[in-house]
Amino acid sequence: MSGVPENAPQHCPGTQSEDAGKASACAGCPNQNICASGAASGPDPAIQIIKDRLSNVKHKILVLSGKGGVGKSTVTSLLGHALAARNADANVGILDADICGPSQPRVLGVRGEQVHNSGSGWSPVYVTDNLSLMSIGFLLGSPDDAVIWRGPKKNGMIKQFLSEVDWGDLDYLLIDTPPGTSDEHLSAAQYLSQAGLSGAVVVTTPQEVALLDVRKELQFCRKLNLPVIGVLENMSLFVCPNCKTRSEIFPATTGGAAAMCSELDVPLLGSLPLDPVLARCCDDGRDFLTELPNSPAVVALKAIVEKIVATCEKTSS
């Protein structure tokens with residue numbers, strides 16, 4: 001069908017149709033407003049605005065997972081801390097794009113901070129000297145306030161975050177997304193399509209019930225021509241801190257992430273073990289890398305970060 005955007009949902013009536021932006025299939029589509037306005041024959045002007053706003057951000061990385069509960073937000077915070085600690089001269093930003101479940105302010109220990117707006121845009125909250133964060137959690141009256149929004153309003157919020165946050169010069173921008181392959185993911189992919197998106201890090205756990213949905217996420221990336229930097233397997237093993245016995249809390253009955261990556265021909269970045277101290281650090285907003293710098297999880301994380309950095313530098317050269 002002519003005039004159907006690449007990121008349009010199934011049964012899109014097409015941009016030239018009288019029902020463009022008005023049909024039931026249009027609900028939640030990131031293009032809905034511009035289609036309904038009759039201006040869909042041209043590109044969304046927000047794409048160029050976002051491209052200009054993020055022109056000083058070298059590497060933009062989406063953190064995805066088809067399954068909830070795999071520790072994606074925890075992994076994003078760990079990657080942010082690790083990238084910032086790897087090079088004190090590098091600037092790292094985290095955008096919490098999980099509109100309905102913003103957890104980064106707590107995980108990074110900056111709950112209660114305020115976002116300031118100026119002529120240059122919103123200023124992110126600084127976690128450390130070279131690690132900053134933007135989240136809708138900073139805009140809520142209380143951490144317990146529910147964000148009860150339909151797709152178009154969530155899409156508008158993501159557009160606003162991408163176009164109005166003044167990050168300054170960044171080496172890495174990590175975008176923490178909610179689970180699934182829906183509104184937020186389509187919006188982020190569309191709005192970053194011309195901004196030099198480095199790719200996606202896909203998070204999973206070893207058991208098949210998680211891998212089922214992660215395969216869908218990888219298919220989503222393929223359909224949108226979104227490069228996959230690699231798959232990160234979280235909570236792969238539990239090592240008892242007392243007896244050092246290794247246990248599979250989430251058994252990899254079908255071979256885990258390694259078998260899936262081999263089957264689908266995508267890179268495996270590595271595996272992070274389950275560590276109860278890490279869970280406590282996230283609840284308390286403490287930096288796990290400084291709490292237990294020699295733990296197996298930190299050692300594995302540093303190796304994963306080196307692979308991500310190498311891939312980003314290779315694709316940008």
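In this predicted model, Y126 of strand β5 stands opposite S132 in β6, a pairing that belongs to the contact between two strands running in the antiparallel sense and joined over 3 bridges. Strand β5 covers residues 125-128, and the connection from β5 to β6 is a hairpin that passes through 2 residues.

On the subject of β6 and its other partner, strand β2 (residues 92-96) is joined to β6 by 5 bridges, and these two strands run parallel. Within β6, L133 is the residue that I94 stands opposite. Strand β6 is thus paired in the antiparallel sense with β5 and in parallel with β2.

How much of β6 is buried? Because 5 of the 5 residues of this strand, which spans residues 131-135, are buried, β6 is largely enclosed by the rest of the structure. The burial applies to both faces, with L131, L133 and S135 on one side and S132 and M134 on the other. S132, the residue opposite Y126, and L133, the residue opposite I94, are therefore both among the residues buried under the cut-off of 20% relative accessible area.

Turning to a helix, α6 (residues 183-191) is mostly covered, since 9 of its 9 residues are buried. Among these buried residues are the charged-letter positions D183 and E184, together with H185, L186 and Y191. The elements against which the buried residues of α6 pack are the helices α2 (45-53), α5 (151-164) and α7 (208-223), along with the strand β1 (57-64).

Technical notes
Residues are numbered from 1 along each chain as its sequence is written. This is a predicted model: local features need pLDDT of at least 70, side-chain atom pairs count only at pLDDT 80 or more; totals for chains, interfaces and linings use all residues. Side-chain values use heavy atoms; hydrogens and water are left out. Buried means under 20% relative accessible area, exposed over 50%, partly exposed in between (1.4 Å probe, protein chains only). Helices (H or I, at least four residues) and strands (E, at least two) are DSSP runs, numbered from the N terminus. Contact means heavy atoms within 4.5 Å. Two strands pair if DSSP finds at least two bridges between them.
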